[in-house]
Amino acid sequence: MKQLNINEMKQIKAGGVSGALLNAIWKGITSFSDLGRYVGSSIRRFVSKNLCGF
């Protein structure tokens with residue numbers, strides 16, 4: 001196995017955006033959207049006094 005010297009290591013370019021990174025970003029966006037939907041729905045139900053009984 002060949003060892004890289006310092007100059008060769010500095011020339012290494014990182015890869016592009018991976019599928020796992022895009023998937024994680026998309027999951028974060030959808031989770032944030034769902035959270036907003038749930039909070040908005042609960043606020044609307046609380047204001048309109050349309051709450052579930054226990």
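This report covers a helix, its salt bridges, a surface patch and one residue with a positive phi.

The model is predicted.

**Helix α2**

Helix α2 runs over residues 19-47. Its 29 residues should span 42 Å at 1.5 Å a residue. The C-alpha atoms at its ends are 42 Å apart, so the expected and the modelled span agree. Leu35 is one of the residues in this helix. Arg37 and Asp34 also lie in α2. They are 3 residues apart, about one turn of the helix.

**Salt bridges**

A search of the whole structure finds 2 salt bridges. The table lists the pairs with their N to O distances.

| Pair | N to O distance |
|---|---|
| Arg37 and Asp34 | 2.8 Å |
| Glu8 and Lys2 | 3.5 Å |

The Arg37 and Asp34 side chains meet within helix α2. Asp34 counts as partly exposed because its relative accessibility is 28%. In the other pair, Glu8 bridges to Lys2. Glu8 is also partly exposed, at 28% relative accessibility. Its partner Lys2 is exposed, with a relative accessible area of 62%. The cut-off for exposed is over 50%, so Lys2 falls in that class.

**The nonpolar patch**

Which residues form the nonpolar patch on the surface? They are Phe32, Leu35, Val39, Ile43, Phe46, Val47 and Leu51. Together they have about 780 Å² of accessible area. One member, Leu35, is placed in helix α2. Phe32 and Phe46 both belong to the patch. Yet a search of the whole structure finds 0 aromatic pairs.

**Lys49, just after the helix**

Lys49 lies in the segment after α2. Just after the helix, this residue takes a positive phi of about 60°. Lys49 does so although it is not a glycine.

What does Lys49 lie over? The answer is the face of Phe46, at 5.6 Å from the ring centre. Phe46 is itself a member of the nonpolar patch. The lysine therefore sits over the ring of a patch residue, with the charge inside the 6 Å cut-off for such a contact.

Is Lys49 buried or exposed? Lys49 is exposed, with a relative accessible area of 67%. That value is over the 50% cut-off, so the label follows.

**In brief**

Helix α2 has the span expected of its 29 residues. It holds the salt bridge between Arg37 and Asp34. Just after it comes Lys49 with its positive phi, and this lysine lies over the face of Phe46.

Conventions: Residues numbered from 1 in each chain as written. Predicted model: local features only at pLDDT ≥ 70, side-chain atom pairs only at ≥ 80, totals over all residues. Heavy atoms only, no water. Patch = residues over 30% accessible without salt bridge, like charges linked within 9 Å, V, L, I, M, F, W, Y side chains within 5 Å. Areas by Shrake-Rupley, 256 points an atom, 1.4 Å probe, with all protein chains shown as cover. Salt bridge = Lys/Arg side-chain N within 4 Å of Asp/Glu carboxyl O. Helix = DSSP H or I, 4+ residues; strand = E, 2+ residues; numbered from the N terminus. Phe/Tyr/Trp six-rings, centres within 6.5 Å; stacked < 30°, edge-to-face > 60°. Lys NZ or Arg CZ within 6 Å of the ring centre and 35° of its normal. Expected span 1.5 Å × (residues − 1). Buried < 20%, exposed > 50% of the residue type's maximum accessible area, 1.4 Å probe, protein only.
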